[in-house]
Amino acid sequence: LRQNGFEAIGIDLIQAPELVMCFLCQYANIHRKPVALKEVDVTKLDNQLFGDFIVGNTHYIVRKAYGAVSTRATSLSQPRYLIASVDANARHEIEIGLRENKVKMEDIECHLNQAKSVHNIKDSELKALKDEKVQFENFKPYKLTTNSDSIIIPKTRFD
């Protein structure tokens, strides 16, 4: 490769997770494409060795059929996807922040469950007091009997 002016194979110039590299090898054949970052005289290349190659910002595809050789050159477009690099330190800090926030979230959920429990207890106490109030308002302490005209004072729970 070096004697023909190429610096590397495409896969050697890319840093990506293993799954991305597998995808690029399978669908773009970067593991078989030589790359020259500076200009190379394409007319002097041996067409038997290279089918696809990249020189500068141009992608060359050499096709051979029935003894004829055709070369198609297309300009590489500007990258649109996967162009942002990841700073390992920034990623580590973000992961630490996520773990800390997860712990805080679990703590908040624990406090929320405790508050719900206290709320349910207070709610049942309030309901009991309201029921007692209704019973008290409906309570008639003096009852007259018609047969002897006597007053009966029932005992209350406060006696």
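How much accessible surface does the protein chain have, and what share of it belongs to carbon and sulfur atoms? The accessible surface comes to about 13,900 Å², and 56% of it belongs to carbon and sulfur atoms. The model shown here is predicted.

**Figure 1. The whole chain combines two helices with seven strands.** Read from the N terminus, the elements follow the order β-α-β-β-β-β-α-β-β. The protein chain has 159 residues, and 15% of them count as buried. Take the contacts between residues at least 6 apart in sequence: 25% of these join residues at least 24 apart.

**Figure 2. Five strands make an open sheet.** Their order is E1-E2-E3-E4-E5, and the pairing is mixed. E1 and strand E5 (68-75) stand at the edges. Each has a single partner strand, so one side of each lacks a neighbour in the sheet. Strands of a sheet pair through backbone hydrogen bonds, either parallel or antiparallel.

**Figure 3. Strands E3 and E4 form a hairpin.** E3 covers residues 52-55 and E4 covers residues 58-65. The two pair in the antiparallel sense over four bridges. Two of the residue pairs can be picked out by name. Ile-54 has His-59 in E4 as its bridge partner. Val-55 stands opposite Thr-58 in E4. Two residues lie between the strands of this hairpin, where Gly-56 takes a positive phi near 60°.

**Figure 4. E4 and E5 form a hairpin.** E4 and E5 pair over eight bridges, in the antiparallel sense. Tyr-60 stands opposite Ala-73 in E5. Two residues separate the strands of this hairpin. Tyr-66 sits in the loop between E4 and E5. Its phi is positive, about 55°, although Tyr-66 is not a glycine. Most residues other than glycine have a negative phi. Is Tyr-66 buried or exposed? Tyr-66 counts as exposed, because its relative accessibility is 88% and the cut-off for exposed is over 50%.

**Figure 5. Asn-29 takes a positive phi in a loop after H1.** The loop runs between H1 and strand E2 (34-36). Phi of Asn-29 is near 55°, a positive value in a residue other than glycine. Asn-29 counts as partly exposed, with a relative accessibility of 26%.

**Figure 6. Cys-22 and Cys-25 are not bonded to each other.** How many disulfides does a search of the whole structure find? The search finds zero. A disulfide is a covalent bond between the sulfur atoms of two cysteines. For Cys-22, the closest cysteine sulfur is in Cys-25, at 6.7 Å. That is too far for a bond, because the cut-off asks for sulfur atoms within 2.5 Å. Seen from Cys-25, the closest cysteine sulfur is in Cys-22. The two residues also differ in cover. Cys-22 is partly exposed at 44% relative accessibility, whereas Cys-25 is buried, with a relative accessible area of 15%.

**Figure 7. Leu-13, Ile-14 and Leu-37 form a nonpolar patch on the surface.** Together the three residues have about 280 Å² of accessible area. Leu-13 lies in the loop between strand E1 (8-9) and helix H1 (18-28). Leu-13 has a relative accessible area of 47%, so Leu-13 is partly exposed.

Conventions. Residues are numbered from 1 along each chain as its sequence is written. This is a predicted model: local features need pLDDT of at least 70, side-chain atom pairs count only at pLDDT 80 or more; totals for chains, interfaces and linings use all residues. Side-chain values use heavy atoms; hydrogens and water are left out. Patches are made of residues with over 30% relative accessible area and no salt bridge: like charges are joined within 9 Å, nonpolar side chains (Val, Leu, Ile, Met, Phe, Trp, Tyr) within 5 Å. Accessible areas come from the Shrake-Rupley method with a 1.4 Å probe; for residues, only the protein chains shown count as cover. A salt bridge is a side-chain nitrogen of Lys or Arg within 4 Å of a carboxyl oxygen of Asp or Glu. Buried means under 20% relative accessible area, exposed over 50%, partly exposed in between (1.4 Å probe, protein chains only). Contact means heavy atoms within 4.5 Å. Two strands pair if DSSP finds at least two bridges between them.
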